Amino acid sequence: MPAHDVLIIGAGLAGQRAALAAAQAGATVAVLSKVHPVRSHSVAAAGGINAAIAVEDDWRSHAYDTVKGSDFLGDQDAIEVMCAEAPAEVLHLEHIGVTFHRDETGRLDLRAFGGASINRTAYVADITGQAILHVLYEQLLRFGDRIDRYEEWFTTSLIVDDGGCAGVVARDVRSGAMEVFAAKSVILACGGAGQCFKPTTNGLICTGDGMALAYRAGAPLMDMEMVQYHPTTLVENGFLITEGARGEGAHLLNADGERFMERYAPSKRELASRDVVSRAEQTEIDEGRGVGPDGRGIYLDITVVPRRRTLEALREIVNIGRDFAGVDITREPIVIRPGQHYVMGGVRTDVHGRTPLDGLYAAGEVACVSVHGGNRLGANSLLDTLIFGRRAGEHAAARAAGTRMPRVSRAPLHDDARRIEAILARPAGAGRRVSEIKEELGTTMNRHVAVFRDEGGLRTALDVVRRLREEAESAAVDDRGTVFNQDVLGAIELGCLLDCAEAMVVSALERRESRGAQFRTDFPRRDDAEWLKHITITRDGDGAPRIGYAPVTITRWEPEERRY
Amino acid sequence: MRFTLEVWTQASRDEEGHFERYDVDGIDPDASFLEMLDELNARLAAEGKRTIAFDSDCREGICGMCSLTIDGQPHGPNQVTTCQTFMRDFEDGATIRVEPFRSGAFPVVRDLVTDRSALDRIVQAGGYVTTKTGPKPDPNAAPVPPAVQQKVMDAAACIGCGACVAACPNGAAMLFTGAKVTHFNLLPQGQPERASRARSLVLAMDAEGFGGCTNYGECARVCPQEIPLDVIGMLNREYRRGARREDDTVGTRT
Ligand SMILES: Cc1cc2nc3c(=O)[nH]c(=O)nc-3n(C[C@H](O)[C@H](O)[C@H](O)COP(=O)(O)OP(=O)(O)OC[C@H]3O[C@@H](n4cnc5c(N)ncnc54)[C@H](O)[C@@H]3O)c2cc1C
Ligand code: FES
């Protein structure tokens, strides 16, 4: 049985950064990922990463913008840590070879992003995530003697022993073999749960596995009602058009050709925070001023950006526009709409990435520190993955140095193997197909747990999620083999999605106010007296979600009304 | 639209593979190639037949996971990733042959899925910057001129899909390796290992069983990220430059 000081589940930016930090701190490290590391969804991040690097900038300004963006639900101690450490982290990336964009004089260039009071976003054209992920992976390979990589290994459960996390059970995707991994510290870096929604900007692998694994092991989830809808996703298929487009100056127009953001956010307009812009768009659409098929979209007009600049700084979306919408974005507007993009909530952690479950850490989109609160600012997520990935790696290594390797039994492996056997043995044709259930989940969530919510819709969603959970129990899989069986993993992922979706809906029902990404048409005001607190969800003994609360940490900035 | 597909089917690495024929109809011309395969898989599953394994994630051309050889061309007829290939690019009624990326260095895992980890082992030999801990120099103290920045960016755009290898009649990984060397050797941060980097990577490339370059240029013609052939020139120059400074730690090419 493999045994490591620090075992990291996930090899996106958070996981790789954690691995490097833990290895540099002297720990033995393993990284386990269900896909090859550079295919992790961090690769899709487009627009950039925030850091107060400019001489006229200050990390406190970045922190305030983040607090305000979060609609005051973010924990200010964590936000201060993230923003204060951001400049050094970005310089470190630059130092290991990330080619951040430079201006004509050869100096680092920073672009404008939503909710920011100054240009603060470092970027690599619109392939920032790819550029960072590849360079980090090259570092991971460099430390190949200290970091064991288990690529294309799927984690099926966490092992809890003596009240702490002692390792995981995983399945080799290629051969179907199962293995127990013992570890002194386990870091979850499994990314988000966007596949709960359809459409989503997230890839097929973003199935909330980490949140579900932690939840089932007894760790609390927090802020799960806070789901970000990005203002600019393609009407055709939900692909992301980076906020960088608006950062470069693109306009949003309704059917009357009006630049309607002037009414909703007179000073920041298109660059207000994402919750504000998405709501404004949805209001325009709902009131009949939408464009495109069935009036369900809004024009994003990039033609106001100089063509040369678009071709240089937005090259990926020039391609996306051409291939998927048949539009040359340098010559005509493209039709977009708000679409699911990010989950602010996740496994509750402190500023060291520690979850309340001893020995278990979490970092990146899977975690909730909470630096994003009710609404994440664009380009703060990559930063979150790196800062808290590193901090979790360092802390986990230090903890491991003072603990003994837990003795882990193989019983959990047999449990999981039996669970998989049972999935494979389900009679074909008896139940619904996994893909059908997933489809119904996605469209239901996108209908009722979206930009605008109300009690009736949320109750409907909860009923559907619970029915789908039952149906998932008997959903047959097509492939019954061992080698590279994607079907059986799909069935396991579906279970994870349903756990995450349930937590999202239950939290959204509970929060009877409107804050950040949660807008309740039946409770349209923010209510600080009652709801300036986090909602946590813990799994009860009988499997039902139990609601709890956690205070919001306020260090410097008292809640005030948000205006953009 | 309707198509006849001849799809490579192989149960596992150690078993023999063969082509299986399928007829599909009612395909939307705007479906991507992978959506067409999803549709085929859904129909196969409904009939209780074995589905086809293939790789994909982002489906927007950035993750480098999708990797089909379509009618003999890695990623298909256009110079884009497989997931950005659309059925409208094919003639109605056409017979289309679908295979995994073919290369001795990329063993088949199952059906259309290959193991491309040989590329990682090339990088492991030195495709990175070595750093010291401690405060980092101000990046603006060493400005990068726009022309250099552009070259570096073009090289750093590599998504590691391996189409270049699959396209090369020799199965060489020169475009991939050239991109890594160009990226790091042009940057101020990459200078400390500049002399040894190209040689280390080329040695690793040989050890993995990739072929040599005889200037076919097929690699750059299929590269979805349009990595220019120049990076191979750069690799060769840097290799020779390293040879002039040959030190025993690096070893010699055999
Ligand atoms: C299209 C798009 C554009 C974006 N652009 C930006 C941007 O410009 N700026 C910004 O700040 N943020 C952006 N974001 C958000 C940001 O990219 C993500 O939040 C962030 O990259 C998440 O990183 P991560 O390391 O937490 O997870 P991921 O990169 O998603 O990695 C998750 C890892 O976990 C592994 N894993 C998951 N489940 C299992 C399991 N069961 N067993 C084993 N391994 C598992 C996966 O294999 C993977 O390696 C964007 C997001 C999207 C979707
Ligand atoms: S699936 Fe990601 S590049 Fe094709």
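The shell around ligand 1 comprises 17 nonpolar, 17 polar and 4 charged residues. The model is a predicted one. In total, 38 residues surround ligand 1. The closest are A:S40, A:S42, A:G47, A:E365 and A:L382. Several secondary-structure elements of chain A contribute at least two shell residues each. The helices are α1 (13-24) and α11 (381-401). The strands are β2 (29-33), β6 (153-161) and β13 (334-343).

Polar contacts to ligand oxygen atoms involve both backbone and side-chain atoms. A polar side-chain atom of A:S33 lies 2.8 Å from an oxygen atom of ligand 1. For A:A14, a backbone N or O atom is placed 3.0 Å from a ligand oxygen. For A:A189, the corresponding distance from a backbone N or O atom is 3.3 Å. Taken alone, ligand 1 exposes 1000 Å². The protein buries 98% of that area.

Cysteine pairing was examined next. A disulfide is a covalent bond between the sulfur atoms of two cysteines. The count over all chains is 0. A:C190 takes part in no disulfide. The cysteine sulfur nearest to that of A:C190 belongs to A:C496, 9.0 Å away. A:C190 counts as partly exposed because its relative accessibility is 22%. The sulfur of A:C196 has its closest cysteine sulfur in A:C500, at 5.2 Å. No bond is assigned to this pair, because the separation is too far for one and the cut-off is 2.5 Å. A:C196 is buried, with a relative accessible area of 0%.

In chain B, attention turns to B:T85. This residue sits in the loop between β4 (73-74) and β5 (95-100). B:T85 is buried, with a relative accessible area of 0%. Neighbours within four places in sequence were set aside in listing its contacts. The remaining partners of B:T85 are B:S32, B:F33, B:H75, B:P77, B:V80 and B:F90. One of these, B:H75, also offers its backbone oxygen to the side chain of B:T85, at 3.1 Å. B:T85 is separated from B:A204 by 119 residues in sequence. The C-alpha to C-alpha distance between B:T85 and B:A204 is 33 Å.

How values were computed
Residues are numbered from 1 along each chain as its sequence is written. Chains are lettered from A and ligands numbered from 1 in the order in which they are written. This is a predicted model: local features need pLDDT of at least 70, side-chain atom pairs count only at pLDDT 80 or more; totals for chains, interfaces and linings use all residues. Side-chain values use heavy atoms; hydrogens and water are left out. A residue is near a molecule or strand if one of its heavy atoms lies within 4 Å of it. A polar contact is a pair of N or O atoms within 3.5 Å; within protein, one must be able to donate a hydrogen and the other to accept it, and residues adjacent in sequence count only if both atoms are side-chain atoms. Accessible areas come from the Shrake-Rupley method with a 1.4 Å probe; for residues, only the protein chains shown count as cover. Helices (H or I, at least four residues) and strands (E, at least two) are DSSP runs, numbered from the N terminus. Ala, Val, Leu, Ile, Met, Phe, Trp, Tyr, Cys and Pro count as nonpolar, Asp, Glu, Lys and Arg as charged, and the others, Gly among them, as polar. Buried means under 20% relative accessible area, exposed over 50%, partly exposed in between (1.4 Å probe, protein chains only). Contact means heavy atoms within 4.5 Å.
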